[in-house]
Amino acid sequence: QVQLVESGGGLVQAGGSLRLSCAASGSFFSVNVMGWYRQPPGKQRELVATRSSAGSTNYAESVKGRFAISRDNAKNTVYLQMNSLKPEDTAVYYCKASVTNSLGYGYDVWGQGTQVTVSS
């Protein structure tokens with residue numbers, strides 16, 4: 001069983017920065033794509049950024065130039081550096097990992113979510 005543990009959320013003023021972390025632990029063969037999604041109040045969950053084990057990245061247009069996703073493959077940990085935060089970035093941020101188990105079966109795992117609140 002794989003678990004994702006997130007940390008780093010909180011309250012910040014507009015223009016400020018936060019760094020989220022997500023570590024995968026448990027039994028798996030490999031962790032492939034890791035990424036961050038968010039769910040603003042009253043809205044659906046949306047992609048923020050993803051990063052493959054090979055280093056390929058994908059960002060939502062709304063965060064390009066402000067957010068940066070990085071990853072430590074040895075620690076199976078993904079980070080999201082969020083700069084120039086805006087009130088519209090307020091959301092619950094979820095980590096997601098696509099993993100492969102020892103039998104070659106791939107599946108997705110979600111973290112419990114961490115709240116990010118940006119005040120104006």
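## Ala23 and its contacts

Beyond its neighbours within four places in sequence, Ala23 is in contact with Gln3, Leu4, Val5, Asn76 and Thr77. The model is a predicted one. Ala23 sits in strand β3. Its relative accessible area is 28%. Ala23 therefore counts as partly exposed, since that value falls between the 20% and 50% cut-offs.

How far is Ala23 from Lys43 in space, C-alpha to C-alpha? The two C-alpha atoms are 26 Å apart. In sequence, Ala23 and Lys43 are separated by 20 residues.

## Overall fold

The protein holds 11 strands and 0 helices. Along the sequence the pattern reads β-β-β-β-β-β-β-β-β-β-β. The radius of gyration is 14 Å, close to the 14 Å from the globule rule for 120 residues, so the protein is as compact as a globular protein of that length. The C-alpha trace spans about 50 × 25 × 20 Å along its principal axes.

Of the 120 residues, 43% are buried. Take the contacts between residues at least 6 apart in sequence: 55% of them join residues at least 24 apart. The accessible surface is about 6,200 Å². Carbon and sulfur atoms account for 47% of that surface. The protein carries 11 positive and 7 negative charges, and the mean positions of the two sets are 3 Å apart.

## The disulfide

How many disulfides does the structure hold? The count is 1. Cys22 and Cys95 form it, with their sulfur atoms 2.0 Å apart. This pair links distant parts of the chain. Cys22 belongs to strand β3 (residues 18–26), Cys95 to strand β9 (residues 91–100), and 73 residues separate them.

Is the disulfide left-handed or right-handed? The torsion about the S-S bond of Cys22 and Cys95 is about -80°, so the disulfide is left-handed. Cys22 and Cys95 are both buried. A disulfide is a covalent bond between the sulfur atoms of two cysteines.

## Thr77, beside Cys22 and Ala23

Thr77 lies in strand β8. Its relative accessibility is 8%. Thr77 therefore counts as buried, being under the 20% cut-off. Among its contacts, leaving aside neighbours within four places in sequence, are Cys22 and Ala23. The others on that list are Met34, Ser70, Arg71 and Asp72.

Thr77 and Cys22 are 55 residues apart in sequence. In space, their C-alpha atoms are 5.4 Å apart. Thr77 thus touches one partner in the disulfide, because Cys22 pairs with Cys95.

## Two residues with positive phi

Most residues other than glycine have a negative phi. Asn76 departs from this: its phi is positive, about 50°, although it is not a glycine. Asn76 is in the loop between β7 (67–72) and β8 (77–82). Asn76 is also one of the contacts of Ala23.

Ser84 has a positive phi as well, near 50°. Ser84 lies in the loop between β8 and β9. Is Ser84 buried or partly exposed? At 41% relative accessibility, Ser84 counts as partly exposed.

## Leu18

Leu18 is in strand β3. At 15% relative accessibility, Leu18 is buried. Which residues does Leu18 contact, leaving aside neighbours within four places in sequence? They are Gly8, Gly10, Val12, Leu80, Gln81, Met82, Leu85 and Val116.

Leu18 and Ser84 are 66 residues apart in sequence. Their C-alpha atoms are 9.3 Å apart in space. Leu18 is buried, whereas Ser84 is partly exposed.

## Thr50

Thr50 lies in strand β5 (residues 46–51). Its relative accessible area is 14%. Thr50 is therefore buried, as that area is under 20%.

What does Thr50 touch, not counting residues up to four places away in sequence? The list is Val33, Met34, Gly35, Tyr37, Ser56, Thr57, Asn58 and Ile69. Met34 is on the contact list of Thr50, and Met34 is on that of Thr77 too.

Technical notes: Residues numbered from 1 in each chain as written. Predicted model: local features only at pLDDT ≥ 70, side-chain atom pairs only at ≥ 80, totals over all residues. Heavy atoms only, no water. Helix = DSSP H or I, 4+ residues; strand = E, 2+ residues; numbered from the N terminus. Buried < 20%, exposed > 50% of the residue type's maximum accessible area, 1.4 Å probe, protein only. Contact = heavy atoms within 4.5 Å. Disulfide = S-S within 2.5 Å. Rg over C-alpha atoms; globule rule 2.2 N^0.38 Å. Areas by Shrake-Rupley, 256 points an atom, 1.4 Å probe, with all protein chains shown as cover. Lys, Arg positive; Asp, Glu negative; His and termini not counted. Charge placed at Lys NZ, Arg CZ, Asp CG, Glu CD.
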